[in-house]
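Okay, everyone, thanks for coming. Let me put the structure up, and then I'll walk you through a few parts of it.

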Amino acid sequence: MFKGFYNLASGVLTQTRNLNVIGNNMANISTPGFRQDTFTQTTFQDEMIYRIGNTDKSNPTPIGRMNCIVTGDGNVTSYEQGGLTPTSSPLDFALEGSGFFAVQSGNGITYTRNGSFVLDDQGYLYLDGVGRVLGTNGPIYLGTDKIACDSLGNLTSEQTGQYFGRIRVVDFQDYDTELEKSTGDMFVATGTPRNVDTSMRQKFIEDSNVDIIKEYTQMMATERALQSAAQVLKMYDQLAGKIVQIGPT
């Protein structure tokens, strides 16, 4: 009987973690370039179940396996392309295809699909709250938002044609092993990035790739599972209390 406490308590904890992941996805539905996470589960402490006789217990027969605990296995990130939305800002950029923008943050270089840039107080191309956007030769100084951008990310002045630099775009061989999500729409590299010529569009941003209908469906299913486990866990607790009150007979 008391093994049920392990199953149910682990189920409550696991479903709570799943709701946290779903809630984070839904909170970032409007975050440019955000990549959806999916919570995965696993089990452990597998045990073999045997059937034994009422009197002769010398020859138990194995009838299957069971596990006692459900737990989280981790988050799987979807790198599927999000939709592109036109904007009026000349400092908005979107990638069409694989790759990431490189940004110099206070903790080193980070990578993102969020191309909603601004100018910092010194005139450098900047991702708000993160750091300066890197070009192929380092941070890109513009000093103006009157710029033009071709499909390869080369930036020039609309007025004089002055060349400012090229926005650096990198990609990775294996996202699962060479990228790790840090916060929101930002990633840190655990592998070696390589420069790529992904097509870029100015005055566009890439939307989050969160499927809101799917998230709502998953949220409702997870809430039902959480409520069911919590209710049965309460019943187990009440039964245990009855056993303590009755005592041995």
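Let's start with a question: which residue stands opposite L155 in β12? It's C149. One thing to say before I go on: this is a predicted model.

So, where does that pair sit? C149 stands opposite L155, and the strands involved are β11 and β12, with β12 covering residues 154–157. They pair in the antiparallel sense over 3 bridges. Another residue pair on these strands is I147, which stands opposite S157 in β12. Between β11 and β12 there is a hairpin with 4 residues between the strands. Have a look at G153 in that turn: G153 has a positive phi of about 90°.

Now go to the other neighbour of β12. There, 3 bridges join β12 to β13, and these two also run antiparallel. Here L155 turns up again, standing opposite G165 in β13. This hairpin has 5 residues between the strands, and G161 takes a positive phi near 80°.

Put those pieces together and you get an open sheet of 3 strands, in the order β11-β12-β13, with antiparallel pairing. Which strands are at the edge? They are β11 and β13, since each pairs on one side only. From one strand to the next, the twist averages 20°.

Let's stay with L155 for a moment, and ask what L155 is in contact with once we leave aside its neighbours within four places in sequence. The list includes F93, L125, I140 and L142, and also Y163, F164 and I167. Our friends C149, I147 and G165 from the sheet are on that list too.

That takes us to the inside of the protein. The largest nonpolar core has 20 residues. L155 is among those with the most contacts inside that core, together with F93, L125, L142, I167 and M200. Which strands supply at least two residues each? Those are β4, β5, β8 and β11. There is also a second, separate core, this one of 9 residues, and it includes F100, L134, Y175 and L179.

Since β5 just came up, let's follow that strand. A total of 5 bridges join β5 to β6, which is residues 108–112, and the two run antiparallel. If you want one residue pair to find on screen, take Q104, whose bridge partner in β6 is I109. The hairpin that joins β5 to β6 goes through 2 residues. Then β6 has another partner: 2 bridges join β6 to β16, residues 186–189, again antiparallel. Over there, T112 has M186 as its bridge partner.

Next up, charges. How many salt bridges does a search of the whole structure find? The count is 6, and I'll show you three of them.

The first one I picked is E206 with R35, where the closest N and O atoms are 2.5 Å apart. This pair links distant parts of the chain: E206 is in strand β19, R35 is in the loop between α1 and β1, and they are 171 residues apart. Are these two buried or exposed? Both E206 and R35 are buried.

Another one is R132 with D120, with the closest N and O atoms 2.8 Å apart. R132 sits in strand β9 and D120 in the loop between β7 and β8, 12 residues apart. Here the partners fall into separate classes. R132 has 24% relative accessibility, so R132 counts as partly exposed. D120 is at 14%, so D120 counts as buried.

My last pick is D197 with R166, whose side chains meet at 2.5 Å, N to O. D197 is in the loop between β17 and β18, R166 is in strand β13, and 31 residues separate them. Why does D197 count as exposed? Because D197 comes out at 58% relative accessibility, and the cut-off for exposed is over 50%. One more thing on salt bridges: those that share partners join R35, R113 and E206 into one network.

Let me finish with the whole chain. It comes to 3 helices and 19 strands. Of its 249 residues, 36% count as buried. Take the contacts between residues at least 6 apart in sequence: 64% of those join residues at least 24 apart. And the chain exposes about 14100 Å², with carbon and sulfur atoms supplying 50% of that area.

Key:
Residues are numbered from 1 along each chain as its sequence is written. This is a predicted model: local features need pLDDT of at least 70, side-chain atom pairs count only at pLDDT 80 or more; totals for chains, interfaces and linings use all residues. Side-chain values use heavy atoms; hydrogens and water are left out. A salt bridge is a side-chain nitrogen of Lys or Arg within 4 Å of a carboxyl oxygen of Asp or Glu. Buried means under 20% relative accessible area, exposed over 50%, partly exposed in between (1.4 Å probe, protein chains only). A nonpolar core is a set of buried Ala, Val, Leu, Ile, Met, Phe, Trp, Tyr and Cys residues joined through side-chain atoms within 4.5 Å. Contact means heavy atoms within 4.5 Å. Two strands pair if DSSP finds at least two bridges between them. Accessible areas come from the Shrake-Rupley method with a 1.4 Å probe; for residues, only the protein chains shown count as cover. Axes are lines fitted to C-alpha atoms, for helices over the stretch in contact, and angles run from 0 to 180 degrees between N-to-C directions.
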